[in-house]
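Visitor: Please take a close look at a single part of this structure, and then set that part in the context of the whole.

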Amino acid sequence: MPSCLNTKPHAGLITILSVQRRKAQANMATTVSSSNDSRFPLIAKTSGKAAPLGATVSREGVNFSLYSRDASSVELLLFNREDDAQPTNVITLDPYANRSYHYWHVFVPGIQPGQLYGYRVHGPFDPGNGLRFNPDKVLLDPYGRGVVVPRNYKRESAGQRGDNTPTAMKSIVVDPLAYDWEGDKLLGHPTTLTIIYEMHVAGFIRHPSSGINEETRGSYKGLIEKIPYLQGLGITAVELLPVFQFDAQDCLPGLVNFWGYAPISFFAPHQAYSSCKDPLSPVNEFRDMVKALHRAGIEVILDVVFNHTAEGGHDGPTLCFRGIDNNAYYILEEDRSRCANYSGTGNTLNANHPIVRRMIVDSLRYWVEEMHVDGFRFDLASILARDSSGKLMSNPPVLWDIESDPALAGTKMIAEAWDAAGLYQVGSFVGDSWREWNGRFRDDVRSFFRSEDRSLRHFADRLLGSSEIYGGENREAEQSVNFVTCHDGFTLNDLVSYDSKHNEANGEDNRDGADDNRSWNCGVEGPTDDPSIEKLRNRQVKNLLTVTLLSLGMPMITMGDEVRRTQQGNNNAYCHNDESVWFDWTSLEEHADVRRFVKLLIQRRLLRDMGPERQRMTLTQLIRRGIKGWHGVKLDRPDWSDYSHSIALSVELPEENLLVYFIFNAYWDQLEFELPLIANDKAFWHRWIDTYRDSPQDIVEWQTAPAILDRTYRVGSRSVVVLWTNYSATAHQETDNANVRHTIATNSPVSGNL
């Protein structure tokens, strides 16, 4: 089915009946009502059903259902066009015939997919008691599967007095079954084989250098054209920055919310990422993209924002949830006129309220069952552990609802295990199957490679899956999602090019964005023509990529890091939609050596035994089985002092009959490292990686790695070396040395007196 359909709203197909208005009884099967305004034609309706929520399509028409506990009345508005000054039809829901418990519902015959609609919800405006009903505002359906945004959409009009009908977003009736998946299924890649590429749908292909037609740049359809690039890189999953419909105007005047962390619908794909203007095209074009990625063997993980909405604080606009049931959808302060702000964006979703819990799980199930999404990364996921007063819960119901739902079994669930109010749960996030963004991996790896004192011990633990964090939980290594950069912060290029953030263009006097970046500019702030500094930066980039992709855990790299994408030192570029944040495809040639380096790293990821027995191993079992010993410049003599900046590690890959030797030197001088002895005169150590060397000698094809004839290896300053040899050929096998015994006893390779 083509993604761009020739579909128009079908309000004109609604059956027009004569005027008749009367008080309905609770057991009535059919009522007829409309606005008293003679401009609106009247339509037939029946009482409908409370379940399911949202707009549900059948052959006869559409059932609408909306939750609102404290509403006094509800109006369903039907529109022909997105910018209609008035609805074509207004259906007033009778509180007797069209309400069951707190659910308002109506069945409207004759409506078809593509119909535009919204709600007006009447009730008390009593902010002191958390009530913010405003019948002047057209509200989106919380369960709406599609959203249309008028060209003249004005966020501010939803926060000011008066009717905002012509400038309001509207929901769209969608039939989720009207699509041919052609046998597509979720891929279900094992976590041991998962390599994540975090990317922005539009930013990836918006740049003119992308080679994509202007009509499809920045769209789901346009992304399909770049799937061969992703395949060539070798990644197995894309993690898409938010694609739920968001408010692009949720930012300072003159800027744009580009990242999308401003959701206003948890079921609708973002309309602006569709290349077609048809109301239904975003849904089907998104599915086309997923289907194409699956055919290429690439999973789709969505970055989902269930911690806040685009409605902001108490003075924000009324777009949906605030005007439907403010007390249910948001955590409120003791002064109930104000929203609690654990998200840093003005409001906090009340995730453990029964209605919100259901909506979150229903949303996830919809994206898995009807949109074929393979997993989710939960933004500020620790907020989901707070109750309605903001207190931390030991067993948050919503997290267990998500984990125990059979429809979600097997999907990848990744938590950003902290929030903006200081709650930090890396290593302690509730649940049995959740993976976690390991922020400590990011920080400690950055610290080590900029030669911070007292960084070595933590760095060593991060290499081994952060066993001091996760080793005691009997989990697999992939509980830790390892990353050095993500959308939120410096790009990898900027991490080695700037000592401090440069966010002046964001309009907040450089106050926004993180101050603790653990970055190092290698001698000059920003771009430079100095070849020695540029060479050092390139080396540092490769060092950081090597550790990210070879450490125990699930690796994630960020869009463009493989070609040193820059944001000119902006570490909070959420509010820009221009070439300063887009993927510049001319960088493929300029930094071809880095991209080649990443491709070869991914092709031959180490510390991975792909047999079925490997996938059942816990992190502690992997360490017990594979880690043979820590070393310094002398074998078996690691220097764990606070001022040490180098370490070596030998790892056994028994299924491949290999021993791999890692050397990490963050010292500012070269160091000479002893190598384990080779028992077989015909065997040698082979050099796979040496980041100090220029391309193509920085990394070589695994099987063509040149032999090392010496008993020592000179490691250049600030560089990483990886050597390998046949395991049976080595005389130096430290399987039972004290180093390893201590590792197993403490579940940490860096604890105690190593």
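Guide: The residue chosen is N570, which is placed in the loop between β21 and α13; helices (H or I, at least four residues) and strands (E, at least two) are DSSP runs, numbered from the N terminus. The model is predicted, so that local features need pLDDT of at least 70 and side-chain atom pairs count only at pLDDT 80 or more, while totals for chains, interfaces and linings use all residues. Residues are numbered from 1 along each chain as its sequence is written, and side-chain values use heavy atoms, with hydrogens and water left out.

With a relative accessible area of 5%, N570 is buried. Here buried means under 20% relative accessible area, exposed means over 50%, and partly exposed is in between, with a 1.4 Å probe and protein chains only. Leaving aside residues up to four places away in sequence, N570 touches G489, D494, H502, N503, N506 and H576, where contact means heavy atoms within 4.5 Å. Of these, G489 is 81 residues from N570 in sequence, yet the C-alpha atoms of the two are 7.7 Å apart in space.

The loop between β21 and α13 (587–590) also holds Q568. The phi of Q568 is near 55 degrees, a positive value in a residue other than glycine. Q568 counts as partly exposed because its relative accessibility is 39%. A further positive phi in a residue other than glycine, near 65 degrees, belongs to D636. D636 is located in the loop between β22 (627–631) and β23 (646–653), and its relative accessibility of 37% makes it partly exposed.

Strand β21 (554–558) appears again in the surroundings of helix α14: the buried residues of α14 pack against β21, α3 (227–233), α12 (531–550) and β26 (685–690). Those buried residues are D593, V594, F597, V598, L600, L601 and I602. Helix α14 (residues 592–603) has 12 residues and reaches 16 Å from its first C-alpha to its last, close to the 16 Å expected at 1.5 Å a residue; the expected span is 1.5 Å times one less than the number of residues.

From β26, the chain can be followed to P696, in the loop between β26 and β27 (707–708). The peptide bond joining S695 and P696 is cis, with omega about 10 degrees. Another cis peptide bond runs from A51 to P52, with omega near -5 degrees, and P52 has its place in the loop between β2 (43–46) and β3 (54–57).

Elsewhere, the axes of helix α5 (residues 321–329) and helix α6 (residues 354–369) come within 9 Å and cross at roughly 115 degrees. Axes are lines fitted to C-alpha atoms, for helices over the stretch in contact, and angles run from 0 to 180 degrees between N-to-C directions. Helix α5 is therefore roughly perpendicular to α6, a class that covers 65 to 115 degrees, with angles under 35 degrees roughly parallel, over 145 roughly antiparallel and the rest oblique. F321, A328 and Y329 of α5 meet I355, V356 and M359 of α6.

For the whole protein, there are 17 helices and 29 strands. Buried residues make up 63% of its 754 residues. Of the contacts with a separation of 6 or more, 73% are between residues 24 or more positions apart.
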